[in-house]
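I opened my notebook to go through this structure piece by piece. Here is what I looked up, in the order I got to it.

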Amino acid sequence: MFVVMTVGASEAEILGVKGQILAEGLTPFAHVSGGRTTVAVVGEIGARKPTLIERFGRLPGVASVTPISRPFKLTSREFHPENTVIEILGAVIGDGSLTMMAGPCSVESKEQLFETADAVKAAGATILRGGAFKPRTSPYAFQGLGVQGLRFLAEARERTGLPVITEVMEPSQVDIVAEYADVLQIGTRNMQNYSLLRDVGRVARPVMLKRGYGATVEEFLMAAEYIVSSGNPNVILCERGIRTFETYTRNTMDLAAVPLLHRLTHLPIIVDPSHATGKRWLVKPLALGGIAVGADGVMVEVHPNPDAALSDAEQQLDFDQFRDLMATVIPLHEQVRAVYAGNG
Ligand code: PEP
Ligand code: MN
């Protein structure tokens with residue numbers, strides 16, 4: 001439920017409400033919008049709902065108490081009407097600009113990463129990606145360079161100025177990944193790894209949460225809710241395709257999820273046409289599609305020699321293909337932005 005304070009409620013009144021929420025064994029999260037503070041009450045409310053609505057409603061400075069039927073609270077537009085805007089080393093996500101995350105599927109060597117980082121930076125990428133800990137379907141496939149890969153990513157950041165994003169696969173890796181990376185990525189296979197979600201909720205780094213390949217939009221938002229309710233408001237959502245009966249593509253990119261999520265939540269949304277399609281030639285059309293439906297950005301895999309890549313060889317773009325993609329998405333994004341702003 002949300003406790004909506006009166007416009008101009010005093011600090012003491014807001015503190016009083018928070019204190020009462022804590023006294024009930026629940027957790028308060030306050031958000032100020034348009035000069036009015038709303039305090040979300042999170043925790044197990046259950047059958048106490050009518051009693052609590054009445055009790056909180058009587059506190060000084062409270063305008064109303066709204067029960068929220070949606071299971072996600074802190075990530076909802078109702079609680080936080082403005083878009084969440086995340087800034088990382090000068091890269092801004094969610095402010096209407098186009099975020100382009102690009103880089104190899106896996107960090108394979110210093111040379112491979114630096115060469116790719118230089119090329120994607122020159123082409124206009126805003127964030128460098130690269131997997132150091134790789135979740136591979138086969139235990140016999142390349143598993144990533146681990147901590148050495150993290151060091152190369154940090155060096156690539158020094159070299160290019162681009163913030164870096166990389167996956168964290170388990171709770172024991174959270175601290176070390178947060179030490180080297182600017183954004184922590186939770187992969188599709190871990191979207192419902194609740195202890196991992198809670199742990200990344202406690203670090204001072206933005207988190208990009210990829211949609212589970214079998215997750216509904218609501219399950220996706222509940223996973224984001226774990227991170228935000230653990231204390232980290234800087235969550236980026238990533239639509240990377242879901243598994244359907246179709247086999248021509250690796251996954252099915254759920255384009256409708258983008259405008260749907262924009263309606264339901266204030267968190268920025270990135271699309272990943274590389275993992276969604278699994279095919280190089282489908283990356284560009286689906287990147288364009290994602291931008292057309294309002295995505296805040298795109299994540300794309302880029303490799304100096306895609307056919308020789310140690311992972312996801314079939315879907316990585318070479319440098320020319322990435323430059324071509326950039327030349328196409330930038331003007332499209334400008335047009336789309338005008339359309340959504342009502343000027344086009
Ligand atoms: C990745 O982006 O490196 C990755 C493994 O993606 P996903 O978790 O979406 O499969
Ligand atoms: Mn990959």
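**Entry 1: Arg36**

In which strand is the place of Arg36? I found Arg36 in strand S3. Before going further I noted that this is a predicted model.

Is Arg36 buried, exposed or partly exposed? Its relative accessible area is 31%, so I wrote Arg36 down as partly exposed; buried would need a value under 20% and exposed one over 50%.

Next I looked up the company that Arg36 keeps. Not counting neighbours within four places in sequence, Arg36 touches Val4, Met5, Thr6, Val7, His31 and Ala63. One of these partners I checked by backbone position: Val7 lies 29 residues away along the chain, yet the C-alpha atoms of Val7 and Arg36 are separated by 4.9 Å.

**Entry 2: the open sheet**

From Arg36 I moved out to the sheet around S3. The sheet is open, has 4 strands in the order S2-S3-S1-S4, and its pairing is antiparallel. Which strands stand at the edges? They are S2 (27-33) and S4 (62-66); each has a single partner strand, so one side of each is left without a neighbour in the sheet. From one strand to the next, I read an average twist of 20 degrees.

I then followed one pairing inside this sheet. S1 (residues 2-5) and S3 (residues 36-42) are joined over 3 bridges in the antiparallel sense. As a landmark, I marked Phe2, which stands opposite Ala40 in S3.

What lies across this sheet? Helix H2 (residues 49-57) lies across S1, S3 and S4. I noted that H2 runs at about 170 degrees to S4.

**Entry 3: the barrel**

Further along the chain I came to another sheet. How many strands close into the barrel? I counted 8, in the order S7-S8-S9-S10-S11-S12-S13-S14, with parallel pairing. Ignoring direction, neighbouring strands of this sheet are turned by 25 degrees against each other on average.

I began with S7 and S8 (residues 127-129), which pair in the parallel sense over 2 bridges. Here Ala102 stands opposite Leu128 in S8. Helix H11 (residues 319-340) packs on the sheet and touches S7 and S14; the direction of H11 makes about 175 degrees with that of S7.

**Entry 4: strand S14**

I gave S14 (residues 297-301) an entry of its own. Why is S14 described as largely enclosed by the rest of the structure? It is because 5 of the 5 residues of S14 are buried. Gly297, Met299 and Glu301 point one way from S14, while Val298 and Val300 point the other way, and all are buried.

Then I looked at the partners of S14. With S7 (residues 99-103), S14 pairs in the parallel sense over 5 bridges, and Met101 stands opposite Met299 there. With S13 (residues 269-271), S14 runs parallel and is joined by 2 bridges; Ile270 stands opposite Gly297 in S14.

**Entry 5: Gln185**

Still in the barrel, I looked up Gln185, which is found in strand S10 (residues 183-186). Is Gln185 buried or exposed? Gln185 is buried, with a relative accessible area of 5%. Setting aside neighbours within four places in sequence, I listed contacts of Gln185 with Arg129, Ile165, Thr166, Glu167, Val168, Met208, Lys210 and Met299. I had already met Met299 among the buried residues of S14.

**Entry 6: two helix pairs**

For the last entry I turned to helices.

H3 (residues 110-123) and H11 pack at an angle of about 25 degrees, and their axes are 9 Å apart. H3 and H11 are therefore roughly parallel to each other. The crossing of H3 past H11 is right-handed. On the H3 side I listed Glu115, Thr116, Ala119, Val120 and Ala123, which meet Phe319, Phe322, Arg323 and Met326 in H11. By class, this contact has 6 nonpolar, 1 polar and 2 charged residues.

What about H7 (residues 217-229) and H8 (residues 257-264)? Their axes come within 11 Å and cross at roughly 50 degrees, which means that H7 is oblique to H8. H7 passes H8 in a right-handed crossing. Val217, Phe220 and Leu221 of H7 make the contact with Ala257, Leu260, Leu261 and Leu264 of H8. The residues of this contact divide into 7 nonpolar, no polar and no charged.

Notes: Residues numbered from 1 in each chain as written. Chains lettered and ligands numbered in written order. Predicted model: local features only at pLDDT ≥ 70, side-chain atom pairs only at ≥ 80, totals over all residues. Heavy atoms only, no water. Axes fitted to C-alpha atoms, helices over the stretch in contact; angles between N-to-C directions. Parallel < 35°, antiparallel > 145°, perpendicular 65-115°, else oblique. Left-handed = near helix turned anticlockwise from the far one by under 90°. Contact = heavy atoms within 4.5 Å. Nonpolar A, V, L, I, M, F, W, Y, C, P; charged D, E, K, R; others polar. Pairing = 2+ DSSP bridges. Buried < 20%, exposed > 50% of the residue type's maximum accessible area, 1.4 Å probe, protein only.
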